[in-house]
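Work through the exercises below with the sequence and the coordinates open, and try each task before reading its solution.

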Amino acid sequence: MDNRQHPFDMPPGTDVAWCPGCGNYMLLKAVKGALEELGIDRKNLVMVSGIGQAAKAPQYMNVNMFNGLHGRALPAALGIRLSNRELVIVVESGDGDMYGEGGNHFLHAVRRNYDVTVIVHDNMVYGLTKGQASPTTQRCMKTTVQVTGVILEPFNPLAVALALDAPFVARAYAGNVEQTKSIIKEAISFRGFALVDVFQPCVVFNRLNTYQWFKENTCPMPDGHDHTDRMAAMKLATAPGKFPLGVFYRNEKRELYEDLAGISEKPLYQQEQAGEEAFQAMLEAFR
Amino acid sequence: MVFEGAAGQGVQTITAALLPILKNSGYHVFSCTEYMSRIRGGSNTTEIRITENNRRAYARHIDLLFALSPHAFEHLQERIDDNTLIFAEKERFGDHWDDRCIDTPLTTFAVEAGGQVYSNTVAAGTVLGILGVTLDRFDDYLRGQFAGKGEEVVENNIKAATLGYDFGRRLPAARSLTIPAPAFEDGQGRLLMDGTSALGIGAIAAGCNFISSYPMSPGTGLLTFLAERAKTFGIVVDQAEDEIAAVNAGLGASYAGARAVVTTSGGGFDLMQEGISLAGMIETPIVVHIGQRPGPATGLPTRTEQADLNLALHAGHGEFARAIFAPGTLEEAIETMQRAFDLAQRFQIPVIVLTDQYLIDSVSTIGAEDVKRLPFVPSIVQTDENYRRYVFTDDGLSPRGVPGYGGGIVRVDSDEHDESGLITESFEMRRRMVEKRFKRLKPLGDAALPPSVIGRHDVAEILVICWGSTRGVLEEALDIIEDNRVAGIHFSQLFPLNPATGAMLENRRLIVIENNAQGQFADLLTRETGLSISRRILKATGEPFSVEEVVEYLKEDVHG
């Protein structure tokens, strides 16, 4: 076990609120590893999250953090992005936060395509509220609310993102730290909206989707998959059977919202107040 | 003068032409608008007043009515009397044609000038003829307005204006309107604008460089005002997918160092409440403009009301500091918007600017020299390695760093947090953080704008209290009743109240006038000062108070 202090590590002894054995630990390790290997300056990185156990991830990294409201990480990230194009922005939240409470923001963030990496801890259950179904819970799983089993088909985040031409769509499994790290590195390096949906077990509230289950129900990306082919990616994302892991889709051609909207390269905090001349010129129009 | 027409008939075109011409001819003008929630049809009106003393208030009585739709009589019968002159085309007016009506051949003249499309120009020309205001400025206006459409269109417009003008001039004196003499030789020194523009100018003066909003009448105007000027002033404009996104994007932007505003109406603000609470927790500045309209729910979407004070006052769960402004004039809109940004930045709190449809859509004038820019106080610090966003200080305010500026790490957290912004469940830390967040209440209160006095406070026995947009109507009503026993008090900041408020109001009979059904500000005043309110003059029909009805209320109150 590598116990050396990473630049993104919190001081030793920092209390972590996650359960022992939680998939979050592995994902945290992958994220920190990706950031370190990319040589990202932590002072220039902002981690944005909502609420939930997954959303606590930025608390356990020594980075700038906007830990906002449940479901609202993406709008906050948008505000930060449009105010400062120099920052690296990574959103980290859970499946309930991103696809349930924040579903509308998810759709419109993909539509905008601003530069942000979105890492979703997808454990297919609500953990912090003690085990109710999440949007990605598999059918028939029994919970304290869905007492006879979940009756709805799970939300398919990859298919939805692909339908809106999200320019980077990937799935990882937290149990495979190395692959997860490498996908996250690619996502952070990608210029635009990059979605990484990360499967991970909830060892307390999800007795169905265990480490074993994920091992048996995921598979490598099929040989020869062309990740510039959106329809092929869509087919993979909607195919029954095992869930492929890796990069489904990359579209280098989609224009960035910041560019389309003409957002200045200069951060807003450096912007000077409007000059008297421009101000007076504005008033002239009212004469 | 009231201009009536169906939506899409061009009433706005007529008044938009007349207002600058009248203003530049030196008149004091005021205009307000009421319209239905539809895109075509119905009956909408714009009132234009020309007054001696720069009145800025809605008057119920109509001296001159220009009626374009067949629904005018039905819609406005309460506001016209034997002395009202009604200009209309007989064949379109409907069943109520009588001696007061003057058949005005708008269509005939328009066709003569080149086509029916010119009938609005005929109407504006007619009005200038009736008022005896020279046509020169209108010609210039038309040249400016239609220059891009070719010489023929310009000439046709001028011909249409002249035909209308001559018609207006030819009317016998008894069928014309006498108006006050111009107040200025030349009105060019004054600016003509609506409430929205004043708010926008205030925001730009305050260095606003970020707006994210979801359109909702009547709050949308601020979004469009800033969008039109975004390039010049480097303002980031984002139309959000919903109001929740709008306020959260505003907070993200503010966290990153933008000076952010969001605009909405009551219903949209309902959705923003959790974000307001977040602003309180993360001590991040945000300015929210609420253009009020009657609720509950969708209510009367295009009408006016002052019923969202309680919402603004109590929005968001948990306890945190906030400030609320409510401008009543253009000057106050420009000033309070800047103060809102200033307080938000200085005290790291959410600040709400509460207006309403009546204020937003009303047009009046302001001297160019009265557009005041408040000093710009930079509020962001460069961080160092040891930076902690919520470090404890004597006044509870921690220097605000932004990510990427300096060597420190900036963490904000919606969970209760420690000085470095990390989640905590320590009761002691919680106690200290609550204390920290409330230490700013005292200086925030001391910074509050005092209410302003209308009339003679020293001799008045009765104080009539108003807030926000009701200022103009109360000013005029008090002038009309001319009684030193009664003075007015206007609040352009509603919360916190200036500490001197109680002393200013005590030992007088207090009347509160507000555009809602319950008297929300009266309740707030009692809560904050312990003083009791003798009478509440309330109106929640969706219309603003008229000068006449406030005069009636006051006379009845003073003279029994």
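The exercises that follow go from the contact between the chains to single strands, a helix and a loop residue.

This is a predicted model, in which local features need pLDDT of at least 70 and side-chain atom pairs count only at pLDDT 80 or more, whereas totals for chains, interfaces and linings use all residues. Residues are numbered from 1 along each chain as its sequence is written, and chains are lettered from A and ligands numbered from 1 in the order in which they are written.

**Exercise 1. Describe the contact between chain A and chain B, and the strand pairing across it.**

Residues count as in contact if their C-beta atoms, placed from the backbone, lie within 7 Å. By this criterion the contact takes 43 residues from chain A and 54 residues from chain B. On the side of chain B that touches chain A, helix H11 (residues 243–255) gives the most, with 9 residues; helices (H or I, at least four residues) and strands (E, at least two) are DSSP runs, numbered from the N terminus. Next, look for pairing, which requires that DSSP finds at least two bridges between two strands. Strand E2 (residues 64–67) of chain A runs parallel to strand E17 (residues 411–413) of chain B, and 3 bridges join them, with Asp413(B) as the bridge partner of Asn67(A).

**Exercise 2. Find the residues that touch the most other members of the largest nonpolar core, and list the contacts of Ile80(A).**

A nonpolar core is a set of buried Ala, Val, Leu, Ile, Met, Phe, Trp, Tyr and Cys residues joined through C-beta atoms within 7 Å. A residue is buried if 20 or more other C-beta atoms lie within 10 Å of its own, exposed if 12 or fewer, and partly exposed in between, with C-beta atoms placed from the backbone. The largest core has 247 residues, of which Ile80(A), Val169(A) and Val196(A) touch the most other members. Helix H14 (residues 330–347) of chain B gives the most to this core, with 9 residues. Setting aside residues up to four places away in sequence, Ile80(A) touches Val46(A), Val48(A), Phe66(A), Leu87(A) and Ile89(A), and also Gly252(B), Ala253(B), Tyr255(B) and Ala256(B).

**Exercise 3. Work out the surroundings of strand E5 (residues 168–173) of chain A.**

Begin with burial: 6 of the 6 residues of E5(A) are buried, so the strand is largely enclosed by the rest of the structure. Phe168(A), Ala170(A) and Ala172(A) point one way, and Val169(A), Arg171(A) and Tyr173(A) the other way. In a regular strand the side chains alternate between the two faces of the sheet. Then take the neighbours: E5(A) pairs in the parallel sense with strand E6 (residues 193–199) of chain A over 6 bridges, and in the antiparallel sense with strand E8 (residues 243–250) of chain A over 4 bridges. The bridge partner of Phe168(A) is Ala194(A) in E6(A) and Arg250(A) in E8(A).

**Exercise 4. Is helix H1 (residues 11–24) of chain B largely enclosed, and what is the expected span of its 14 residues?**Take the burial count before the length: 10 of the 14 residues of H1(B) are buried, so the helix is largely enclosed by the rest of the structure. Among the buried residues are Val11(B), Ile14(B), Leu18(B) and Leu22(B). The expected span is 1.5 Å times one less than the number of residues, and for H1(B) this gives 20 Å, which agrees with the 20 Å between its end C-alpha atoms. Just after H1(B), Gly26(B) takes a positive phi of about 100°.

**Exercise 5. Classify Lys539(B) by its C-beta neighbours, and name its contacts.**

Lys539(B) lies in the loop between E23 and helix H21 (547–559) of chain B. It counts as buried because it has 21 C-beta neighbours inside 10 Å. Apart from neighbours within four places in sequence, Lys539(B) is in contact with Asn515(B) and Phe545(B).

Note on methods. Two residues are in contact if their C-beta atoms, placed from the backbone, lie within 7 Å.
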